[in-house]
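Reader: Please show me the structure, and then let us discuss how the ligand is held and how one sheet is arranged.

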Amino acid sequence: MQATAIAQPNIALIKYWGKRDIDRNLPAVGSISITLSELHTEVSVDLSGDQPVDVLIVNGEENQQMLPRLSACLDRVLGPTRPRANIQSNCNFPIAAGLASSASAFAATTLAAAGAANLSLSTQELARLAGASSGSAARSFYGGFAELRNTGDDIALTSLGDEESWPLQVVVAITESGPKATGSTEAMEISRKSSPFYDSWVSQQEQDLVLARDAIAGQDFTQLASIAEHNCLKMHSVMWASRPPMVFWNAATVQCLETLRRLQGEGCRVFFTIDAGPQVKAVCLPDDADSVRQALTATPGVLNVMMSRLGSAARLVQER
Ligand code: DP6
């Protein structure tokens, strides 16, 4: 009746932005991500109490704000007549700040809920359930490189290689520690309804996926860098042109991009990606990780720098 799962966040190199079915939370586009190793969320779900309502404790404190989405996640896995749960979540990085905390939280909650109820679900089924709670969470069921494909009326997940297959490094520059003003779910809908670039974003995604898939298969860093930066900037262009405009960047975000452009000019094998928040994720080859870390640490406005290798899939750590 109780289980604990750990999931790591994943960072999209080809982004999910926009939904084609809000009720089922189906993405309008496919996406490709890398799962990180050093950041994680650990979630325990305990169904053994006889309490009347779900209780959520995040990093030691009761949290009412995130509870409705986590309760809905448990309903999806266990059905609406499930026992009420005690959910304990511990996260070792900033929450709701554009570091994919929802991906790791919903992947771990889905897995822990299934474990607590002794359900035997395939990875694909677990990923679909987690994706219904938060689209990006589906990808955290795969280590290394994961692709989420849009199959028309559903999603399908594929591994494009585990974390050992191409040991890239990620250097995350934290430029702001507070939560973001607009959550991804709401921001995507604003983009879909108002951005003049939204339709071309959706229609061009397939060609970006092909290029990224090929780059990963051939370990072609130059091609992966080029398509990932292009895809990221296209997503942010969609956001910037939305009404109201959604600019998640701050001055330090731009400073980090300048630092990375300079490093690239010096021959450093690095590229950037940015999600719905001001943090900059620099993906690089292991030999270049130290230069990237030092340069980002010295960039004005950077508060903190975190290093990560590619990580493994969401997993159960304990069941009772
Ligand atoms: C910019 O998965 O958080 O990080 O499905 O509404 O919960 P919901 O959205 P979410 O959006 C992630 C957006 C992104 C890009 C990505 O991870 O692919």
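Author: A residue is near a molecule or strand if one of its heavy atoms lies within 4 Å of it. This is a predicted model, in which local features need pLDDT of at least 70 and side-chain atom pairs count only at pLDDT 80 or more, while totals for chains, interfaces and linings use all residues. Residues are numbered from 1 along each chain as its sequence is written, and side-chain values use heavy atoms, with hydrogens and water left out.

Reader: Which residues come nearest to the ligand?

Author: The ligand has 18 residues around it. Of these, the nearest are Tyr16, Lys19, Gly135, Ser136 and Thr185.

Reader: Which helix gives the most residues to the shell around the ligand?

Author: Helices (H or I, at least four residues) and strands (E, at least two) are DSSP runs, numbered from the N terminus. The helix that gives the most to this shell contributes three residues and spans residues 184-194. It is helix H4.

Reader: How far is an oxygen atom of the ligand from an N or O atom in the side chain of serine 102?

Author: A polar contact here is a pair of N or O atoms within 3.5 Å. For arginine 69, the distance from a side-chain N or O atom to a ligand oxygen is 2.8 Å. For serine 102, the corresponding distance is 3.4 Å.

Reader: Which strands stand at the edges of the open sheet?

Author: Two strands pair if DSSP finds at least two bridges between them. The four strands of the open sheet follow the order S2-S5-S10-S11, with antiparallel pairing. Each edge strand has a single partner strand, so one side of it is left without a neighbour in the sheet; these are S2 (10-14) and S11 (155-161).

Key:
Polar contact = N/O pair within 3.5 Å; in protein donor to acceptor, adjacent residues only side chain to side chain.
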